[in-house]
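Subject: Structure handover

Hello,

Here is the structure I promised to pass on. Please open it next to this email and follow along.

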Amino acid sequence: MFSRIKFKNYNYLLLFLVAAAMTVGIFVINSADSYYTSRQIAGAVLAFIVLIVLAFVDYHFICRFYVIFYFINLGLLAAVLLFGENVNNATRWFTIAGITFQPSELTKIFMIIFMAKFLSRAEEKERLSKFSTVMLFGCFLGLPLLMIFLQPDLSTSLCITMVMITMYYLAGLSYKAIGIILLIIIPLVSVFLWYIQKPDQKLLYEHQVQRIMSFIYPSEYSDDNQQQDNSVMAIGSGKLTGKGLNNDSDATVKATKLISEQQTDFIFSIVGEELGFAGCIFLIALILTIVLQCIRVARRAKDRLGMLIASGVACLIGYQSFINIGVATALLPNTGIPLPFISYGLSSLISLSVGLGLTMNISMQHRRFY
């Protein structure tokens, strides 16, 4: 369980970067709403402990239970659909002893572990580009995605899909297979966009259709873009250096409550308004450096399994950050997904810490240079 670890390879830089990101998150959340500060601090401490502990557990040992993790994941997703708490017409959370937990956040890491093992075994057997393997991949991915979609949580479904597809490509999927898949997917996307505009469409909820349409036709759905418009206004008002953290003057978007639940999905608007362009660039650079460190670990991983896990974690942090910041700056359709390490939420912190703990362990083992 510990025999393959090289402690001299401990990635102190990655540990420091994660601690710095969590610290920035605490300060920004405190500025958004101090009610959540103590909870975020407790969550960050717990997440950091999880990260450090998992860094010393051999990832090969953890991946032995990949099938169990998959079914635990399905069980949690089924349970939240049946017994979860409904908030704003969405059933995504459990509340136990005053602590709110979102199973779909753990799905991200469970699926990275499961697919890393599945794809590495397929690659070993030289079956990665076989039609049967592609179909199995789709089935294993499709079931949890369907359960998340039914919550409904379209943004998390899309983020997980992007991570899994990238992992499949990195595992060594042939370009011939990629071409065939694209020839199938591109027409399907076109048909999907045409179909959801029909009055009697059954695929998406009405609010999901409105968000997509408001992005494609902003002038016709101006009322649905107010949250994003206010976010862009807040970010722009910060100018170069911002208005300062904990600024409660009436001249701030935060004080006027123009953005609801700003400590979660639109936390980047707080960064832009109170820390300015400089603060935004610093935060993006910090997250990008964490992603690059994960990629560095993946490139030096001992085996295909380690490479896929570290790559999956890098993709998760990178894609999720891109979606969150893209929504806050109106570059993408309005959807709810937390900004890694920065947004309020215990589930997201724990999920990311599990992934980063595995990545730290991969970096501590014998490395292969390319």
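A residue counts as buried when its relative accessible area is under 20%. Keep that cut-off in mind, because Glu105 has a relative accessible area of 3% and is therefore buried. One caution before going on: this is a predicted model.

Start with Glu105. Glu105 sits in helix α5, which covers residues 103-124. What does Glu105 contact, apart from its neighbours within four places in sequence? The partners are Gln320, Pro338, Ser347, Ser348 and Ser351.

Now the whole protein. The protein has 14 helices and three strands. Its C-alpha trace spans about 60 × 55 × 40 Å along the principal axes. For 370 residues, a compact globule would have a radius of gyration near 21 Å. The protein has 21 Å, so the two agree. Buried residues make up 49% of the 370. Take the contacts with a separation of 6 or more: 74% of them join residues 24 or more positions apart. The exposed surface is about 17700 Å², and carbon and sulfur atoms supply 67% of that area.

Next, the inside. Which residues touch the most other members of the largest nonpolar core? They are Met164, Phe341 and Leu356, in a core of 101 residues. Helix α13 gives the most to this core, with 14 residues. There is also a second, separate core of five residues. Among its members are Ile196, Leu204, Val209 and Ile212. Back to Met164: leaving aside neighbours within four places in sequence, Met164 is in contact with Met111, Ile112, Met115, Phe137 and Leu141.

Helix α13 deserves its own look. It runs over residues 304-328, which makes 25 residues. How far apart should its ends be? At 1.5 Å a residue, the expected span is 36 Å. The end C-alpha atoms are 36 Å apart, so the helix agrees with the expected span. Helix α13 is mostly covered, with 21 of its 25 residues buried. After the helix comes Ala330, whose phi is positive, near 65 degrees.

Then find Ile148. This residue belongs to helix α6, residues 131-149. Is Ile148 buried or exposed? Its relative accessibility is 0%, so it counts as buried. Ile148 and Ala78 are 70 residues apart in sequence, yet their C-alpha atoms are 9.2 Å apart in space. Leaving aside neighbours within four places in sequence, Ile148 is in contact with Leu77, Ser104, Thr107, Asp153, Thr156, Ser157 and Ile160.

Last, the cysteines. How many disulfides are there? The count is zero. A disulfide needs two cysteine sulfur atoms within 2.5 Å. Cys159 is in no disulfide, and the nearest cysteine sulfur, that of Cys315, is 9.6 Å away. Why is Cys294 not bonded to Cys315? The sulfur of Cys315 is the closest cysteine sulfur to that of Cys294, but at 9.8 Å it is too far for a bond. Cys159 is buried, because its relative accessible area is 0%. Cys294 is buried as well, with a relative accessible area of 0%.

That is the handover. Write back with any questions.

Best wishes

Conventions
Residues are numbered from 1 along each chain as its sequence is written. This is a predicted model: local features need pLDDT of at least 70, side-chain atom pairs count only at pLDDT 80 or more; totals for chains, interfaces and linings use all residues. Side-chain values use heavy atoms; hydrogens and water are left out. Buried means under 20% relative accessible area, exposed over 50%, partly exposed in between (1.4 Å probe, protein chains only). Helices (H or I, at least four residues) and strands (E, at least two) are DSSP runs, numbered from the N terminus. The expected span of a helix is 1.5 Å times one less than its number of residues. The radius of gyration is taken over C-alpha atoms; the globule rule is 2.2 Å times the number of residues to the power 0.38. Contact means heavy atoms within 4.5 Å. Accessible areas come from the Shrake-Rupley method with a 1.4 Å probe; for residues, only the protein chains shown count as cover. A nonpolar core is a set of buried Ala, Val, Leu, Ile, Met, Phe, Trp, Tyr and Cys residues joined through side-chain atoms within 4.5 Å.
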